[in-house]
Amino acid sequence: MKELKICELIELEEAVPRRVEVEGENLALVLVDETVYAIEDTCSHEDVALSEGEVDIDECALECWKHGSLFSLKTGEALSLPATKSVKTYEIRVTGEDVVLVIE
Ligand code: FES
């Protein structure tokens with residue numbers, strides 16, 4: 001297991017997605033209710049960045065800006081059409097002020 005610091009907690013604003021690149025992969029980081037989530041930053045419907053979309057706090061989901069599919073920040077599941085496939089999720093740990101990606 002490997003842990004990689006990807007940013008500091010202070011750099012994240014509640015419900016404002018932030019794109020980070022880690023070892024060649026783009027992740028969308030989102031802080032919601034004191035929990036940091038990370039999902040793959042590419043919509044499963046077309047090749048656009050989910051981090052440019054808006055956060056739905058009630059659903060704990062990120063909305064694709066292009067056609068409006070919602071992706072669960074907890075599971076990566078596509079919650080609404082037109083996307084039907086999930087996106088990847090990543091394990092995040094907050095250690096002190098550091099936001100750390102856990103790689104199995
Ligand atoms: S590109 Fe994301 S829902 Fe179509």
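The largest nonpolar core of this predicted model has 24 residues, and those with the most contacts inside it are Ala28, Val30, Ala38, Ile39, Leu50, Leu62 and Phe71. Several strands contribute to this core, since β3 (25-32), β4 (35-40), β6, β7 and β9 (98-103) each supply at least two of its residues. The largest share, 5 residues, comes from β3. As background, nonpolar side chains in soluble globular proteins tend to be buried together.

Leu62 offers a convenient place from which to look around this core. Leaving aside its neighbours within four places in sequence, Leu62 is in contact with Ala28, Val30, Ile39, Leu50 and Phe71, and also with Pro17, Gly53, Val55 and Leu73. Ala28, Val30, Ile39, Leu50 and Phe71 are, like Leu62 itself, among the residues with the most contacts inside the core.

From here the path leads to strand β6, which spans residues 61-63. This strand belongs to an open sheet of 3 strands, ordered β5-β6-β7 and paired in the antiparallel sense. At the edges of the sheet stand β5 (54-56) and β7 (70-72), each of which has a single partner strand, so that one side of each is left without a neighbour in the sheet. Neighbouring strands of this sheet are turned against each other by 30° on average, when direction is ignored. Between β6 and β7 the antiparallel pairing runs over 3 bridges, and Glu63 has Leu70 in β7 as its bridge partner.

Strand β3, which supplies the largest share of the core, also takes part in a pairing of its own. Strand β2 (residues 18-22) pairs with β3 in the antiparallel sense over 5 bridges, and the bridge partner of Arg18 in β3 is Leu29. The two strands form a hairpin with 2 residues between them, and in its turn Glu23 has a positive phi of about 45°.

Stepping back to the whole protein chain, one finds 0 helices and 9 strands, which, read along the sequence, follow the pattern β-β-β-β-β-β-β-β-β. The C-alpha atoms fill a box of roughly 40 × 25 × 20 Å, taken along the principal axes. For 104 residues, a compact globule would have a radius of gyration near 13 Å, and because the protein chain has 13 Å, the two agree. Of these 104 residues, 28% count as buried. Finally, among the contacts between residues at least 6 apart in sequence, 40% join residues that are at least 24 apart.

Conventions. Residues numbered from 1 in each chain as written. Predicted model: local features only at pLDDT ≥ 70, side-chain atom pairs only at ≥ 80, totals over all residues. Pairing = 2+ DSSP bridges. Helix = DSSP H or I, 4+ residues; strand = E, 2+ residues; numbered from the N terminus. Axes fitted to C-alpha atoms, helices over the stretch in contact; angles between N-to-C directions. Core = buried A, V, L, I, M, F, W, Y, C linked by C-beta atoms within 7 Å. Buried ≥ 20, exposed ≤ 12 C-beta atoms within 10 Å, placed from the backbone. Contact = placed C-beta atoms within 7 Å. Rg over C-alpha atoms; globule rule 2.2 N^0.38 Å.
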